[in-house]
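Q: I am new to this structure. Please pick a single part of it and take me through that part closely.

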Amino acid sequence: MITRRIPDFNLGQIARSGQCFRFDPAEDGAYTLTARGRQLTLGQDGDTVWFDCGEEEFSSVWRPYFDLDTDYGAFKRAVSKQDKYLQAAIAAGGGIRILRQELWETIVCFIISQQNHIARIKKCVENLCLLLGEPCYNKHGERYFCFPKPEALALCEPSDLACCRLGYRAKYLTQSARQVVSGEVDLQRIAALPYEEARQELMRLTGVGVKVAECICLYALHHIDAFPVDTHIRAMLDKHYPKGFPMKRYRGFAGVMQQYGFYYELGV
DNA sequence: AGCCAGGACGGAA
DNA sequence: TTCCGTCATGGC
């Protein structure tokens, strides 16, 4: 068991922030997270966070996953005092962090996310893991399912995924999986590219447009200057930034502000 | 009971 | 280029 005092960290906010769809509520406000081929239970009491794992796993996996070496207070202090909207967003969701999720998993999840509700996205992802994910066992001997590898999806026809209720997105997944397995799209290479080039390469995948590509850049590749505009952010921009969002002020980390805004717009 | 969701695609103009 | 109809599904 690892415990750390972590400022600007709120587990509930992170779990609800819509970046990762594999947080499940556990006992006493704790969460079980399935990610990076593992399953972790973690919880929080005030600014003290506990991780049910050893020191080595914490340092090599979860510290980078939750971006714990970054000072989010600095991001928040960069927000203009006159910007009442972002100040309120930070007051509501200042414990959010930009995660470092696996690339392939993020591609699949955000292809599923298009024209879909978060609650149903979670269900679709869960269905997919049950159908095609490898069964694993956590440290308590409980079975769970890892995220399906591209090879498993590439072997499927869209009709094979019918039980996952993905709708028209099923064909996007099988097609993208084949592009990855064939090497037509090289994820290893994309992971090493700068933001603009990574975004462009990701958009070669079937079912990945500008918005989804930017989500992947932000939530997997940690290009925190990516600024995905979905319906919620569109509403935020129209209502509160009719003259345009102050991108220059937040150059280099606008994606963090996007995430505060998104969470605030969700109204949770 | 509809509305709409973290949009993308293909074809038309 | 931009614009528009279409695509599945079910939570709310």
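A: Helices (H or I, at least four residues) and strands (E, at least two) are DSSP runs, numbered from the N terminus. A residue is near a strand of DNA if one of its heavy atoms lies within 4 Å of it. The part to look at is the surface near DNA strand B. This is a predicted model, where local features need pLDDT of at least 70, side-chain atom pairs count only at pLDDT 80 or more, and totals for chains, interfaces and linings use all residues. Residues are numbered from 1 along each chain, chains are lettered from A and ligands numbered from 1 as written, and side-chain values use heavy atoms, without hydrogens or water.

Start with the helices. α11, α12 and α13 each give at least two residues to the surface near DNA strand B. The largest share, 4 residues, is from α11. In total, 27 residues surround the strand, and N116, I118, Y168, D230 and Q258 come nearest. On the DNA side, 57% of the strand B atoms within 4 Å of the protein belong to sugar and phosphate.

Now the backbone. N116 has a backbone N or O atom 2.5 Å from a sugar or linking oxygen of DNA strand B. G207 places a backbone N or O atom 2.7 Å from a phosphate oxygen of the strand. For T231, a backbone N or O atom lies 3.5 Å from a phosphate oxygen.

What is the make-up of this surface by class? There are 10 nonpolar, 15 polar and 2 charged residues. Here Ala, Val, Leu, Ile, Met, Phe, Trp, Tyr, Cys and Pro count as nonpolar, Asp, Glu, Lys and Arg as charged, and the others, Gly among them, as polar.

N116 and D230 also lead to the largest pocket. They are among the residues nearest its centre, with S113, Q115 and K211. A pocket is an open set of points on a 1 Å grid over the protein atoms alone, where a 1.4 Å probe fits, with protein on both sides within 12 Å along at least five of seven lines; lining residues have an atom within 4 Å of a point.

The lining has 23 residues. They divide into 9 nonpolar, 12 polar and 2 charged. α11 (210–219), α12 (231–240) and α13 (254–266) return here, each with at least two lining residues. So do α5 (103–113) and α6 (118–132). Again α11 gives the largest share, here 5 residues.

Terms used: A polar contact is a pair of N or O atoms within 3.5 Å; within protein, one must be able to donate a hydrogen and the other to accept it, and residues adjacent in sequence count only if both atoms are side-chain atoms.
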